[in-house]
Amino acid sequence: MISIPLAKTGDSDRRVKAIVMETVIEQDRVRRSDIDAVVVKTIATVLTSFGFEEGDRRELRADFQHLRRWRRSVEQAQSYTFKAVITVIATGFLGAVWLGIKATLGK
């Protein structure tokens, strides 16, 4: 809060403080709207540089949803592949142990 020292106190002080506060609030609002405008323009410029048109919001949303589904399916495939590799290794190890036991008992 900005404080302005005045020689007089009372009603005029309150009016001056109210005017100052309104001015500060208005400047803050203007600054925020300027920042919002810059952010929107920057995002539009970046998307345009990637080949997305500003009016294709539905298509952009569908593209991102497709990318997310693709990423999840790849992650799931990696998980299944890892499990399959572990299963093959464990099965091979158990098979070797079984053959070793069988060979030892067969002598």
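This report describes the helices, the salt bridges and the surface patches of one protein.

The structure is a predicted model. It has 2 helices and 0 strands. Helix α1 covers residues 11–49 and helix α2 covers residues 57–106, with a loop between them.

**Overall exposure**

The protein has 107 residues, and 4% of them count as buried. Its exposed area is about 10,000 Å², of which carbon and sulfur atoms supply 64%. Buried residues in α1 include Asp-13, Val-20 and Ala-44.

**Helix α1 and what follows**

Helix α1 is made of 39 residues. From its first C-alpha to its last, α1 reaches 57 Å, which is close to the 57 Å expected at 1.5 Å a residue. After α1 comes Gly-51, which has a positive phi, near 100°. Glu-53 also has its place in the loop between α1 and α2.

**Salt bridges**

Side chains of opposite charge can pair when their charged atoms come close. In this structure there are 5 salt bridges. The table gives three of these pairs, with the N to O distance of each.

| Pair | Distance, N to O |
|---|---|
| Arg-15 and Asp-11 | 3.7 Å |
| Arg-32 and Asp-28 | 3.1 Å |
| Glu-75 and Arg-71 | 3.2 Å |

Where do the partners sit along the chain? Arg-15 and Asp-11 are both in helix α1, 4 residues apart, or about one turn of the helix. Arg-32 and Asp-28 are also in helix α1, and because they are 4 residues apart there, about one helical turn separates them. Glu-75 and Arg-71 belong to helix α2, again with 4 residues from one to the other, about one turn. An α-helix has 3.6 residues a turn, so residues three or four places apart point the same way.

Asp-28 and Arg-32 are also part of a network of salt bridges, in which they are linked with Arg-31.

How exposed are the paired residues? Arg-32 counts as exposed because its relative accessibility is 54%, and a residue needs over 50% to be called exposed. Its partner Asp-28 has a relative accessible area of 28% and is partly exposed. In the pair of helix α2, Glu-75 is partly exposed, with a relative accessible area of 40%, and Arg-71 counts as partly exposed at 40% relative accessibility. Asp-11 in α1 is partly exposed too, with a value of 47%.

**Surface patches**

Two patches on the surface are described here, one negative and one nonpolar.

Which residues form the negative surface patch? They are Glu-53, Asp-56, Glu-59 and Asp-63. Among them, Glu-53 lies in the loop between the helices. The relative accessible area of Glu-53 is 57%, so this residue is exposed.

The nonpolar patch is formed by Phe-93, Leu-94, Val-97, Ile-101 and Leu-105. Together these residues have about 540 Å² of accessible area. One of them, Leu-105, is found in helix α2. Is Leu-105 buried or exposed? Leu-105 has a relative accessible area of 71%, so it is exposed.

Conventions: Residues numbered from 1 in each chain as written. Predicted model: local features only at pLDDT ≥ 70, side-chain atom pairs only at ≥ 80, totals over all residues. Heavy atoms only, no water. Patch = residues over 30% accessible without salt bridge, like charges linked within 9 Å, V, L, I, M, F, W, Y side chains within 5 Å. Areas by Shrake-Rupley, 256 points an atom, 1.4 Å probe, with all protein chains shown as cover. Salt bridge = Lys/Arg side-chain N within 4 Å of Asp/Glu carboxyl O. Lys, Arg positive; Asp, Glu negative; His and termini not counted. Charge placed at Lys NZ, Arg CZ, Asp CG, Glu CD. Buried < 20%, exposed > 50% of the residue type's maximum accessible area, 1.4 Å probe, protein only. Expected span 1.5 Å × (residues − 1).
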